[in-house]
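Hi,

Here is the structure I promised to pass on. Have a look at it first, and my notes come right after.

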Amino acid sequence: KMIELSSPNYTINVRNYVSPAEILSIFKNLSLQNYCYAFCVSTPDKQILMNIGMSEGSEIGDRIYRKIGNLPGWKYGFTGRYGSDMKLVVEAVEKRFDNLKIHKDDVSIHIWDTNDLISPNFNSPTVEAEKKLIKDCKEKFGCIPAGNIQDPNDRNKSLVHRKHFDSLFEMNE
């Protein structure tokens with residue numbers, strides 16, 4: 001079963017937290033090891049997809065934690081290079097939408113759990129799920145999120161589909 005842009009497994013409203021570390025504990029409690037995420041900002045008239053991404057293995061929730069800590073509006077946010085790519089995401093989104101000022105209290109994070117997904121090719125299921133979310137976004141809005149500098153669908157073009165690969169070799173059982 002593949003994931004849908006319109007139905008994340010979890011939604012986290014950043015306004016409900018006083019520190020980025022609180023959100024890290026959500027990921028630990030859910031044991032979210034492999035997941036895709038989307039940062040959305042709500043304005044009075046619409047929801048804007050800021051950025052779609054994915055994370056696999058390593059430290060549970062660490063990528064989201066680093067990104068969240070770089071949203072404007074925290075009393076004690078992050079400084080320096082730690083997750084600073086989020087500052088570029090905020091900048092790109094504010095540039096695309098006139099008069100938009102992003103504040104953490106208007107941001108929600110949509111999470112798709114990819115732990116149990118199976119990939120149709122030899123790519124990781126999480127990478128394939130991220131590509132699908134980006135494709136869904138393109139179909140729905142006509143473009144990828146402003147905060148995605150590169151479309152993941154343009155990477156790794158020469159993938160062999162698993163069914164095709166299997167058809168090339170006779171399996172002796």
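Below is what I found, starting with one helix and moving on to the salt bridges. Please keep in mind that this is a predicted model.

Helix H4 covers residues 125-141, and its 17 residues should span 24 Å at 1.5 Å a residue; the end C-alpha atoms are 24 Å apart, which agrees. Many of the names on its buried list will catch your eye, including Val 127, Ala 129, Leu 133 and Ile 134, but also Glu 128, Glu 130 and Lys 131. Among the elements that cover these buried residues are strands E2 (35-42), E3 (47-55) and E4 (107-113). Right after H4 comes Gly 142, with a positive phi near 85 degrees.

Two of those covering strands belong together: E2 and E3 form a hairpin with 4 residues between them, and they pair in the antiparallel sense over 8 bridges. Ser 42 has Gln 47 of E3 as its bridge partner. E3 itself is mostly covered, with 8 of its 9 residues buried.

Now the charges. The count of salt bridges comes to 10. Lys 132 in H4 meets Glu 4 at 3.6 Å, N to O, although Glu 4 sits in the segment before strand E1 (10-13), 128 residues apart. Lys 132 counts as buried because its relative accessibility is 18%, whereas Glu 4, at 38%, counts as partly exposed. Lys 132 also forms a salt bridge with Asp 136 at 2.9 Å, about one turn along the helix. Together, Glu 4, Lys 132 and Asp 136 are linked in a network of salt bridges.

Happy to talk it through whenever suits you.

Best wishes

Notes
Residues numbered from 1 in each chain as written. Predicted model: local features only at pLDDT ≥ 70, side-chain atom pairs only at ≥ 80, totals over all residues. Heavy atoms only, no water. Helix = DSSP H or I, 4+ residues; strand = E, 2+ residues; numbered from the N terminus. Expected span 1.5 Å × (residues − 1). Buried < 20%, exposed > 50% of the residue type's maximum accessible area, 1.4 Å probe, protein only. Contact = heavy atoms within 4.5 Å. Pairing = 2+ DSSP bridges. Salt bridge = Lys/Arg side-chain N within 4 Å of Asp/Glu carboxyl O.
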